[in-house]
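Welcome! Have a look at the structure below, then work through the exercises one at a time.

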Amino acid sequence: MFFLIGYMGSGKSTIAKELSTALNMEYIEMDETIEKDQQMSITEIFERYGEEYFRELETNLLKSFQGKKVISTGGGVILSRENQATLKNGTVIFLDASFDTIDDRLSNDSTRPLWTGNREGNRQRFNKRRPVYHGLADHIINVDKKDTDTIVAEIIHSLKS
Ligand code: S3P
């Protein structure tokens with residue numbers, strides 16, 4: 001199993017999809033899977049049931065994975081000790097984007113309840129999480145100003161070394 005981790009907007013879904021094709025493995029997007037299972041958008045889940053409920057769904061889904069898969073995780077999957085332990089069952093790839101890259105990409109995003117109009121709040125959450133992603137990663141790939149093909153090639157290169 002390969003787990004792609006990183007902040008919202010770091011490109012996990014796009015990269016995981018390409019990487020799964022290159023490695024001939026199944027691709028899974030955790031948020032999409034949760035939305036399908038619950039028949040609700042992530043925003044709706046947060047609004048109706050709260051973040052804690054979403055985190056429970058996320059933890060249970062993470063625990064269910066096995067076999068040859070490339071999994072695009074949600075940005076907050078790294079928050080709990082339980083999830084951190086589960087991630088150890090696979091190879092963890094961190095897509096490292098700067099705050100400015102994320103801020104640019106998400107400037108018009110309305111699908112992420114934890115990305116708000118409060119720029120300083122966004123920056124604080126980013127700064128708090130970054131060392132956690134770092135600490136959990138087997139491979140760290142900087143993604144600033146790179147296209148998908150370059151990033152996938154760098155991941156494959158890093159996996160081989
Ligand atoms: C979250 C990231 C989102 C989604 C939810 C919470 C987070 O996933 O799981 O909005 O806490 O960082 P993406 O990283 O795919 O945007």
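**Exercise 1. Trace the fold from start to end and judge how compact the protein is.**

Step 1. Follow the chain of this predicted model; its elements come in the order β-α-β-α-α-α-β-α-β-α-α-β-α.

Step 2. Sort them by kind: the protein has eight helices and five strands.

Step 3. Now turn to compactness. The radius of gyration is 15 Å, close to the 15 Å from the globule rule for 161 residues, so the protein is as compact as a globular protein of that length.

Step 4. For the outline, picture a box of roughly 45 × 35 × 25 Å along the principal axes, filled by the C-alpha atoms.

**Exercise 2. Examine both ends of helix H2.**

Step 1. Find helix H2, which covers residues 30-38.

Step 2. Look at its N-terminal end, which is capped by Glu29. A side-chain oxygen of Glu29 lies 3.1 Å from the backbone nitrogen of Asp31.

Step 3. Move to the other side: just after H2, Gln39 has a positive phi of about 55°.

**Exercise 3. Describe where the ligand sits and who its neighbours are.**

Step 1. Locate the site: the ligand takes up the space of the largest pocket.

Step 2. List the neighbours. There are 13 residues around the ligand, and Lys12, Asp31, Arg55, Arg112 and Arg129 come nearest. You met Asp31 in the previous exercise, where its backbone nitrogen faced the capping oxygen of Glu29.

Step 3. Sort the shell by class: five residues are nonpolar, three are polar and five are charged.

**Exercise 4. Find polar contacts of the ligand, then ask how much of its area the protein covers.**

Step 1. Start with the side chains. A polar side-chain atom of Arg112 is 2.6 Å from a ligand oxygen. For Arg129, an N or O atom of the side chain also lies 2.6 Å from an oxygen atom of the ligand.

Step 2. Add the backbone: a polar backbone atom of Gly76 is 3.2 Å from an oxygen of the ligand.

Step 3. Finish with the cover. On its own the ligand has 380 Å² of accessible area, and the protein covers 97% of that.

Key: Residues are numbered from 1 along each chain as its sequence is written. This is a predicted model: local features need pLDDT of at least 70, side-chain atom pairs count only at pLDDT 80 or more; totals for chains, interfaces and linings use all residues. Side-chain values use heavy atoms; hydrogens and water are left out. A residue is near a molecule or strand if one of its heavy atoms lies within 4 Å of it. A polar contact is a pair of N or O atoms within 3.5 Å; within protein, one must be able to donate a hydrogen and the other to accept it, and residues adjacent in sequence count only if both atoms are side-chain atoms. Accessible areas come from the Shrake-Rupley method with a 1.4 Å probe; for residues, only the protein chains shown count as cover. On a 1 Å grid over the protein atoms alone, a cavity is a set of points where a 1.4 Å probe fits but cannot get out, and a pocket is an open set with protein on both sides within 12 Å along at least five of seven lines; lining residues have an atom within 4 Å of a point. A molecule sits in a cavity or pocket if more than half of its atoms lie within 2 Å of its grid points. Ala, Val, Leu, Ile, Met, Phe, Trp, Tyr, Cys and Pro count as nonpolar, Asp, Glu, Lys and Arg as charged, and the others, Gly among them, as polar. Helices (H or I, at least four residues) and strands (E, at least two) are DSSP runs, numbered from the N terminus. The radius of gyration is taken over C-alpha atoms; the globule rule is 2.2 Å times the number of residues to the power 0.38.
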